[in-house]
Amino acid sequence: MAEELFRQDAYLKTCEATVVAVDDKGIRLDRTVFYPTGGGQPGDRGTLTLADGRAIAIADTVKAGDDIAHVPAADAAVPAVGDKVTVVVDWERRYRHMRMHTALHVMSAVIKGNVTGGQVNADKSRLDFNLGDDVPTKEHVTAEVNRLIALDRPVTPRWITDEELAARPELVKTMSVRPPSGAGRVRLLEIDGVDLQACGGTHVARTSEIGTVECLKVENKGKMNRRFIIALAE
Ligand SMILES: [Zn+2]
């Protein structure tokens, strides 16, 4: 089972690792900085470079039971068990995921309703809410999200026990995306004074790193369901 270095430090771009298995799911390592698809955030891409200099392109990263599988590109070289590799994440893409993911947390604090789904992407991201007739406009969401981002609040992961989470069900905002739990503890993501919820994704360290966000549109997705789509303004 790979040591998940990104859980404690989302800013790690590289690490040294050893190949522990290669199977139909992909390449397993003893440790990794690659985030696997989950919680509405895409899996990372990047390269594993062998000692002889050959680079293995990684097209996706997925969960494989309790472990993480690095999915090689179609024509990539196949390493052997025991090979030492230098793991390098596609940082430009991942950092956009971190900014977007944190922006969705901020948006979930602006819109009052249960989150029914969400998806982080490098270009556009979305959150779906169960709302009554009181649907905020995209202009209101844009202004409020940017106001909170400008407060430059720290964004901090911390852990609580499964029992503590069970006693505080309000910490699970996204009913369709269960937080990582079962190992006796659950990861929380806190944006100081703005948002606190169970989340296993990668985030920036301060809200100011998100930059300016624009809510592009609000879509009707069923009787009570409203979809808010955002982009990062460059
Ligand atoms: Zn999150």
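## Strands β5, β6 and β7

Gly46 has Ile58 of β6 as its bridge partner. The model in which this pair is found is a predicted one. Gly46 is the residue at which strand β5 begins, since β5 covers residues 46-50. Its partner strand, β6, covers residues 55-64, and the two pair in the antiparallel sense over 4 bridges. Between β5 and β6 lie 4 residues, and the two strands form a hairpin. Gly53 sits in the turn of this hairpin and has a positive phi of about 95 degrees.

Strand β6 also pairs with β7, which covers residues 67-72. These two strands run antiparallel and are joined by 6 bridges. One of the residue pairs here is Val62 with Ala69, the latter lying in β7. β6 and β7 form a hairpin too, with 2 residues between them. In its turn is Gly65, which has a positive phi of about 65 degrees.

## Strand β8 and its partners

Strand β8 spans residues 84-89, and its side chains alternate between two faces. Val85, Val87 and Val89 point to one face and are buried. Lys84, Thr86 and Val88 point to the other face and are not buried. Val88 is thus a valine on the face that is not buried, because the three buried side chains of β8 have a relative accessible area under 20% and that of Val88 does not.

Which strands pair with β8? One is β2 (residues 14-23), which runs antiparallel to β8 and is joined to it by 5 bridges. Ala17 has Val85 of β8 as its bridge partner, and Val85 is among the buried residues of β8. Another is β5, which pairs with β8 in the antiparallel sense, also over 5 bridges. In this pairing Thr47 stands opposite Val88. Strand β5 therefore pairs both with β6 and with β8, where pairing requires at least two bridges.

## The zinc site

Which residues bind the zinc ion through their atoms as protein donors? They are His101, His105 and His203, each through NE2, and Cys199 through SG. These donors lie 2.0 to 2.1 Å from the ion. Along the chain they follow the spacing H-x3-H-x93-C-x3-H.

The 4 donor atoms make angles of 99 to 123 degrees, and the site is tetrahedral. It counts as such because all of the angles fall between 85 and 135 degrees. For four tetrahedral donors the ideal angle is 109.5 degrees.

Are Cys199 and His203 buried or exposed? Cys199 counts as buried because its relative accessibility is 11%, under the cut-off of 20%. His203 likewise counts as buried, with a relative accessibility of 6%.

## The protein as a whole

The protein has 3 helices and 15 strands. Its radius of gyration is 19 Å, close to the 17 Å that the globule rule gives for 234 residues, so the protein is as compact as a globular protein of that length. The C-alpha trace spans about 60 × 40 × 35 Å along its principal axes.

Of the 234 residues, 46% are buried. The protein exposes about 11,100 Å², and carbon and sulfur atoms supply 50% of this area. Among contacts with a separation of 6 or more, 64% are between residues 24 or more positions apart.

## Three individual residues

Leu12 is found in the loop between β1 (3-4) and β2. With a relative accessible area of 29%, Leu12 is partly exposed, because this value lies between the cut-offs of 20% and 50%. Leaving aside neighbours within four places in sequence, Leu12 is in contact with Leu5, Val33 and Val89. Val89 is one of the buried residues of β8. The C-alpha atoms of Leu12 and Leu104 are separated by 22 Å, and these two residues are 92 residues apart along the chain.

Asn220 belongs to strand β14, which covers residues 213-220. It counts as exposed because its relative accessibility is 57%. Not counting residues up to four places away in sequence, Asn220 touches Asn225 and Arg226. Asn220 and Asp128 are also 92 residues apart along the chain, and their C-alpha atoms are separated by 9.6 Å. Asp152 is found in the loop between α2 (138-150) and β11 (155-161). Asp152 has a positive phi of about 55 degrees although it is not a glycine, and it is partly exposed, with a relative accessible area of 27%.

Key:
Residues are numbered from 1 along each chain as its sequence is written. This is a predicted model: local features need pLDDT of at least 70, side-chain atom pairs count only at pLDDT 80 or more; totals for chains, interfaces and linings use all residues. Side-chain values use heavy atoms; hydrogens and water are left out. Donors are N, O and S atoms within 2.8 Å of the metal (3.2 Å for Na, K and Ca); water is not among the atoms, so sites may look incomplete. Four donors count as tetrahedral if all angles lie between 85 and 135 degrees; four count as square planar and six as octahedral if opposite donors are over 155 degrees apart and all others between 65 and 115; anything else is irregular. Buried means under 20% relative accessible area, exposed over 50%, partly exposed in between (1.4 Å probe, protein chains only). The radius of gyration is taken over C-alpha atoms; the globule rule is 2.2 Å times the number of residues to the power 0.38. Contact means heavy atoms within 4.5 Å. Accessible areas come from the Shrake-Rupley method with a 1.4 Å probe; for residues, only the protein chains shown count as cover.
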